[in-house]
Amino acid sequence: MTDKELNLVEHFDELRKRLIISSLAFLLFLVLGLVYVKEIYLFFMGTLGYKLLILGPSDIMWIYFHVATVVAVTGTIPVAAWQGWLFVKPALKPVERKIALAYIPGVFFLFIAGMAFGYYFIFPNIMKFLIHLSNDMMTTSFTAEKYFSFLINMTLPFGIAFELPLVAMCLTTLGIVNPYRIGKLRKYAYFILVIIASMISPPEFISHISVAIPLILLYEISVFLSKIVFKRKQTRIHAVHTDEEATSY
């Protein structure tokens with residue numbers, strides 16, 4: 001076996017190790033979520049004011065595992081980010097290692113912030129609007145499956161979307177992304193974000209707009225922060241070149 005083949009096998013072994021650790025973390029948090037599923041369930045019920053309905057015995061297990069899965073995904077994110085950093089660490093320069101490591105805590109906190117934004121702002125406002133539409137026309141009652149499916153669709157995408165500014169800054173710092181090129185793709189990005197908003201929100205215009213506007217703002221924030229990082233990086237490079245030229249003379 002050649003050195004190149006050995007190196008490839010080592011990379012696959014290392015990747016498998018990181019994936020196994022992340023998977024074990026997911027299972028651990030999944031079990032933790034199942035243990036405290038009642039407390040989490042009551043928290044997510046918020047101020048609904050009545051118990052949710054189920055249409056069959058299997059719905060109970062559906063609720064248990066979906067609530068626990070949200071907990072597992074949230075808890076696994078920092079572990080997976082750390083394992084990802086350990087995997088790419090050998091290929092990075094010392095400066096790039098410090099930069100990548102500095103972004104890892106932000107991955108977790110921004111995900112939580114995005115979930116909180118979806119849960120405390122987007123979800124209740126859309127719920128109030130939709131319930132208001134049914135006033136004096138029908139009795140409002142939700143099944144547990146429909147309620148939690150709607151809740152997850154209104155929160156989980158924002159947890160992921162809130163990572164965009166951090167990802168853009170990190171990739172810009174590492175020289176992978178140029179913010180000015182991303183800015184030129186703005187109209188295509190808007191179109192994609194509107195489609196995503198229409199897919200994850202209820203099928204009516206107000207919900208689409210309520211989800212699309214925050215996503216577009218996150219895109220613009222990502223571009224703005226990426227430009228700041230890019231300019232600082234260019235300034236540092238220029239300063240280094242200037243120092244080198246001055247030393248050569």
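Which residue forms a salt bridge with Asp13? The partner is Arg16, and the closest N and O atoms of the two are 3.7 Å apart. A salt bridge here is a side-chain nitrogen of Lys or Arg within 4 Å of a carboxyl oxygen of Asp or Glu.

The model is predicted, so local features need pLDDT of at least 70 and side-chain atom pairs count only at pLDDT 80 or more, while totals for chains, interfaces and linings use all residues. Residues are numbered from 1 along each chain as its sequence is written, and side-chain values use heavy atoms, with hydrogens and water left out.

The chain has nine helices and zero strands. Its pattern along the sequence is α-α-α-α-α-α-α-α-α. Helices (H or I, at least four residues) and strands (E, at least two) are DSSP runs, numbered from the N terminus. Of the 249 residues in the chain, 34% are buried. Buried means under 20% relative accessible area, exposed means over 50%, and partly exposed lies in between, with a 1.4 Å probe and protein chains only.

The salt bridges come to three by the rule above. Arg16 and Asp13 both lie in helix H1 (residues 3–35), three residues apart, which is about one turn of the helix. Arg16 is exposed, because its relative accessible area is 51%. Asp13, at 39%, is partly exposed. In another pair, the side chains of Glu14 and Arg18 meet at 2.6 Å, N to O. Glu14 and Arg18 are four residues apart in helix H1, so about one helical turn separates them. Glu14 has a relative accessible area of 24% and is therefore partly exposed, whereas Arg18 is buried at 13%.

A further salt bridge joins the side chains of Glu220 and Arg186, at 2.6 Å from N to O. This pair links distant parts of the chain: Glu220 is in helix H9 and Arg186 in helix H8 (residues 186–200), with their positions 34 residues apart in the count. Glu220 counts as partly exposed because its relative accessibility is 23%. Arg186 is also partly exposed, at 28%.

Helix H2 (residues 37–45) has a buried set made up of Val37, Ile40, Phe44 and Met45. These residues cover an arc of only 140° around the axis, so they sit on the same side of H2. The arc is that of the directions from the helix axis to the C-beta atoms. Lys38 and Leu42, on the other side of H2, are exposed. Just after H2 comes Gly46, which takes a positive phi of about 60°.

Next comes helix H3 (residues 57–88), whose 32 residues should span 46 Å at 1.5 Å a residue; the end C-alpha atoms are 45 Å apart, which agrees. The expected span of a helix is 1.5 Å times one less than its number of residues. H3 has a kink of about 35° at Thr76, shortly before the proline Pro78. The bend at a residue is the angle between axes fitted to the seven residues ending there and the seven starting there.

Helix H4 (residues 94–133) has 40 residues, so at 1.5 Å a residue it should span 58 Å, and its end C-alpha atoms are indeed 58 Å apart. At Gly118, H4 bends by about 35°. Tyr119 is found in H4. With a relative accessibility of 11%, Tyr119 counts as buried. The C-alpha atoms of Tyr119 and Gly46 are separated by 9.8 Å, although the two residues are 73 residues apart along the chain. Phe121 lies in H4 as well. Phe121 counts as partly exposed because its relative accessibility is 44%. From C-alpha to C-alpha, Phe121 and Met154 are 9.7 Å apart in space, and 33 residues apart in sequence.

The last stop is helix H9 (residues 205–248), which contains Ile206. Ile206 is partly exposed, because its relative accessibility is 40%. Phe205, Ile206, Ile209, Ile213, Leu217 and Ile221 make a nonpolar surface patch of about 560 Å². Patches are made of residues with over 30% relative accessible area and no salt bridge, where like charges are joined within 9 Å and nonpolar side chains (Val, Leu, Ile, Met, Phe, Trp, Tyr) within 5 Å. Accessible areas come from the Shrake-Rupley method with a 1.4 Å probe, and for residues only the protein chains shown count as cover.
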